[in-house]
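Please open the model in your viewer and keep the sequence panel beside it, since this tour moves from one selection to the next.

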Amino acid sequence: MRAGEFEPVRGVEDLYVHDTGMFDTDEYGAVYVYDAERPIVIDTGTGANRESLFETVEAIGISREELAWILPTHAHLDHAGGAGHLAERYPNAEVRVPEKGVRHLVDPDALVAGTKSAVEEQWKYYAEPRPVPDDRIAGVAEGDRIDLGDRELVVREAPGHAPHHAVYHDPDADVVFVADAAGIYVPAVDAVTPTTPPPQFDFEQCLDDIRLIEDLDPDTICFGHFGPRTCDEALIGEAKRAYVEWVERVREKRAELGDDEAVVEHFESASRDIDYWNRERARANASLNARGVLTYLDRAGDEA
């Protein structure tokens, strides 16, 4: 897919995936549009390329008054940065997000400051988020259900990536919207890589989240980065290995170099992500992932 394009998700009726063109990179950021009886947008992108998402929603046949739900999987701005903009565009849509993310979407200042600190020059690819009116938003928690009229989504908490992260399960269609809970799927190489951003990445909980997805045993999982993929035992095993091997690599490199900035620089230089993403995105992704593991290792050491 190319930035701004959308296509049906194979095997799931009325579901579409839209490429947001996030970070000026094709097949990196996905938004899902479910043309149900009560239509929903799942995740929103950064908000920077929102006009193309509006065009996709219209092309699917959903009017501005019809959209019922805006459902970020978590509050990170690459998934929820467009929530306020979409709330303005679609006046009847209610915003739902895991409970710990609500305050960040109502008052995004702290989240913006933290994101700018984490992504540095990559901030140019984000839009300044608009606050979601507090009478248009509510939190969801484990076991809650989002009513789409002819189907429903079940909320399952998955806080390994971030405390405000959930996955959404449609048991009738046998699909799970996993966001960042099972890593990043790279269509160009048909492989899964980990996503371990600071400051709240939790390795053990991430493995538990992948096991949760395994237990749900869906036919299809929809990655936030990027796109749908048939779920099978091999995919779940690949995701688990990706996290275990990545955390161990960072641990070993820290022991070898003894300097965290040197560790980050090593993984930026060694990243193979340039094989399928632009160089700037590849380096930024490697930096964030390395810093997240280093922060986790510090926290785990304190707790030991």
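Which residue takes a positive phi in the hairpin of strand 8 and strand 9? Keep that question in mind while you look at the whole chain, and remember throughout that this is a predicted model.

**The whole protein**

Show the protein as a cartoon, and you can look for 9 helices and 15 strands. Along its principal axes the C-alpha trace spans about 55 × 40 × 35 Å. A compact globule with 304 residues would have a radius of gyration near 19 Å, and the 18 Å of the protein agrees with that. Buried residues make up 57% of the 304 residues, and among the contacts with a separation of 6 or more, 67% are between residues 24 or more positions apart. If you switch to a surface view, the protein exposes about 12800 Å², of which carbon and sulfur atoms supply 42%. Colouring by charge brings up 30 positive and 64 negative charges, whose mean positions are 4 Å apart.

**Strand 8 and strand 9**

Now select residues 145-147, which are strand 8, together with residues 152-157, which are strand 9; these two pair in the antiparallel sense over 3 bridges. Within the pair, Arg145 stands opposite Val154 of strand 9. The hairpin has 4 residues between its strands, and the residue asked about at the start is Gly149, with a positive phi near 85°.

Stay in strand 9 and select Glu152, which is found there. Is Glu152 buried or exposed, or something in between? Its relative accessibility is 28%, and because buried means under 20% and exposed over 50%, Glu152 counts as partly exposed. Leaving out residues up to four places away in sequence, Glu152 touches Arg145, Ile146, His169, Asp170 and Pro171. The C-alpha atoms of Glu152 and Pro171 lie 8.1 Å apart in space, although these residues are 19 apart in sequence.

**Strand 10 and strand 11**

Next add residues 166-170, which form strand 10, joined to strand 9 by 4 bridges and running antiparallel to it. Here Val154 stands opposite His169, while Val155 stands opposite Tyr168. How many residues of strand 10 are buried? The strand is mostly covered, with 5 of its 5 residues buried. To see this on both faces, colour Ala166, Tyr168 and Asp170 on one side and then Val167 and His169 on the other, for both of these sides are covered.

Strand 11, at residues 175-179, comes next, and 3 bridges join it in the antiparallel sense to strand 10. His169, which you have already met opposite Val154, also stands opposite Val176 in strand 11. Strand 10 and strand 11 form a hairpin with 4 residues between them, and in the turn Asp174 has a positive phi of about 60°.

**A stop in a loop**

Finally, select Thr195, whose place is in the loop between strand 13 (191-193) and helix 6 (203-216). Although Thr195 sits in a loop, its relative accessibility is 8%, so it counts as buried. Which residues are in contact with Thr195 once its neighbours within four places in sequence are left aside? They are His161, Asp180, Gly183, Ile184, Tyr243 and Asn289, and you can show their side chains to examine them one by one. If you then select Asp275 and draw a distance between the two C-alpha atoms, Thr195 and Asp275 are 17 Å apart in space and 80 residues apart in sequence.

Terms used:
Residues numbered from 1 in each chain as written. Predicted model: local features only at pLDDT ≥ 70, side-chain atom pairs only at ≥ 80, totals over all residues. Heavy atoms only, no water. Pairing = 2+ DSSP bridges. Rg over C-alpha atoms; globule rule 2.2 N^0.38 Å. Buried < 20%, exposed > 50% of the residue type's maximum accessible area, 1.4 Å probe, protein only. Contact = heavy atoms within 4.5 Å. Areas by Shrake-Rupley, 256 points an atom, 1.4 Å probe, with all protein chains shown as cover. Lys, Arg positive; Asp, Glu negative; His and termini not counted. Charge placed at Lys NZ, Arg CZ, Asp CG, Glu CD.
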